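Reader: Please show me the structure, and let me then ask about the terms used for it.

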Amino acid sequence: MKRKLVVGNWKMNGMTASLREIQKLGTAHPAPTVDILVCPPATLIATAAGLMAKSAIEIGAQDCHSAGSGAFTGDISAAMLSDIGAKAVIVGHSERREYHKESSALVSEKARSAHAAGLIAVICLGETEAERAAGQTLAIIADQLDASLPAGTTGDNTVIAYEPVWAIGSGLTPDRTQIAEVHDFLRDRLGERIGTSGAQAIRLLYGGSVKATNAAAIFAISNVDGALVGGASLLEKDFTPIIKALMD
Ligand code: PGA
């Protein structure tokens, strides 16, 4: 049975003192019925993974390089993340696609590298406001999904997060029909790619302005298996109600 999943994406936020928030999460959820993954900045991963080793909270990363090692100054490989205790890595977040000009082909390479290192790849995709306004949402999602997924994708090594770019950090969320349309579409298209049972095994997360007040409504939508949470994952007091809503 596939477990639901909530992922906290801290982005470029968090100093060593913020590790306390992850420890509080561990205390608040000693035996959760859903999977909880926190992705702090790379600087905190090793310490967080050590602190949380005996807890139900898993620690992940926000990006990795596509190669295993080499002359790539400033970059971090999936194998290195695994070596310091990360269990997963987010790839293809829209902020990486936009600010670092990452293509879906590169995202696929990163996911492949994550798989090779034994990490779960949390592959993000989503349309911009202009693409939605132009009626291109499903075409964009199809293109990104097709090109961002490496061969060998399974429910054990891959999670997909639908994050409309215009909903991230904006306080705006799509309505339930819009989320359902994309998530149903993703499930069907995954089925064409890896078969129906393979597609059923992949967790489909919604991300973009998820918070305590809208989480339950979002989790009730068809084919939503959890959430990718940015701002509301930074403090345990904000993240816990979202986790509880997913457990209900
Ligand atoms: P947000 O970010 O929850 O702050 O909108 C989500 C994300 O970018 O993963």
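Author: What follows takes up the ligand and then the nonpolar cores.
This is a predicted model in which local features need pLDDT of at least 70 and side-chain atom pairs count only at pLDDT 80 or more, while totals for chains, interfaces and linings use all residues. Residues are numbered from 1 along each chain as its sequence is written, and side-chain values use heavy atoms, with hydrogens and water left out.

Reader: What makes the pair between the ligand and Glu163 a polar contact?

Author: A polar contact is a pair of N or O atoms within 3.5 Å; an oxygen atom of the ligand is 2.7 Å from an N or O atom in the side chain of Glu163, so the pair qualifies. With Asn9, again through a side-chain N or O atom, the distance is 3.4 Å, and for a backbone N or O atom of Ser209 it is 2.8 Å.

Reader: Which residues have the most contacts inside the largest nonpolar core?

Author: They are Ile22, Ile59, Ile160, Leu186 and Phe219, in a core of 59 residues. A nonpolar core is a set of buried (under 20% relative accessible area, 1.4 Å probe, protein chains only) Ala, Val, Leu, Ile, Met, Phe, Trp, Tyr and Cys residues joined through side-chain atoms within 4.5 Å. Apart from it lies another core, of twelve residues, including Val7 and Cys124.

Key. Buried means under 20% relative accessible area, exposed over 50%, partly exposed in between (1.4 Å probe, protein chains only). A polar contact is a pair of N or O atoms within 3.5 Å; within protein, one must be able to donate a hydrogen and the other to accept it, and residues adjacent in sequence count only if both atoms are side-chain atoms.
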